[in-house]
Amino acid sequence: MPESEDALVIGHVAERLMKAHPQLDPEQVRGSVETAYEELRYARVRTYLPVLMERRAKDLLHSDEQPGSP
């Protein structure tokens, strides 16, 4: 994916997560999505990158919500 496509994917994933979790800080959601993207950006197969980013970002958000969790 060219860089501009990646930015669009990040935006779409962040938007979906903000709609699904309106109680969360938008900056926190965006940061989680960007972290997920950074972890996955060099994946060889990029077909499922958006769904994998969304799942990883959700995991990051849930771990932030529960500071006492492992």
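**Exercise 1. Work out how many helices and strands the chain has, and in what order they come.**

Start with the count: this predicted model has 3 helices and 0 strands. Next, walk along the sequence, and the pattern reads α-α-α. Finally, check the confidence. The chain averages a pLDDT of 89, and 87% of the residues score at least 70. Among the elements, α2 has the highest mean pLDDT, at 96, while α3 has the lowest, at 91.

**Exercise 2. Find which residues touch the most other members of the largest nonpolar core, and which helix gives the most to that core.**

The core has 14 residues, and the ones touching the most other members are Val13, Leu17, Val29, Val33 and Met53. Now sort by helix: α1 (3–20), α2 and α3 each supply at least two core residues, with α1 giving the most, 5 residues. Then zoom in on Leu17. Leaving out residues up to four places away in sequence, Leu17 touches Val29, Val33, Glu54, Ala57, Lys58 and Leu61. For the whole chain, 29% of the 70 residues count as buried.

**Exercise 3. Decide whether Val45 is buried or exposed, and say which surface patch Val45 belongs to.**

First, place the residue: Val45 lies in the loop between α2 (26–40) and α3 (49–65). Then use the cut-off, since exposed means over 50% relative accessible area. Val45 has 58%, so Val45 is exposed. Last, look at the company: Val45 forms a nonpolar surface patch with Tyr48, Val51 and Leu52, and together they have about 380 Å² of accessible area. For the chain, the accessible surface comes to about 4,800 Å², 55% of which belongs to carbon and sulfur atoms.

Conventions:
Residues are numbered from 1 along each chain as its sequence is written. This is a predicted model: local features need pLDDT of at least 70, side-chain atom pairs count only at pLDDT 80 or more; totals for chains, interfaces and linings use all residues. Side-chain values use heavy atoms; hydrogens and water are left out. Patches are made of residues with over 30% relative accessible area and no salt bridge: like charges are joined within 9 Å, nonpolar side chains (Val, Leu, Ile, Met, Phe, Trp, Tyr) within 5 Å. Accessible areas come from the Shrake-Rupley method with a 1.4 Å probe; for residues, only the protein chains shown count as cover. A salt bridge is a side-chain nitrogen of Lys or Arg within 4 Å of a carboxyl oxygen of Asp or Glu. Helices (H or I, at least four residues) and strands (E, at least two) are DSSP runs, numbered from the N terminus. Buried means under 20% relative accessible area, exposed over 50%, partly exposed in between (1.4 Å probe, protein chains only). pLDDT is the predictor's confidence in each residue, from 0 to 100. A nonpolar core is a set of buried Ala, Val, Leu, Ile, Met, Phe, Trp, Tyr and Cys residues joined through side-chain atoms within 4.5 Å. Contact means heavy atoms within 4.5 Å.
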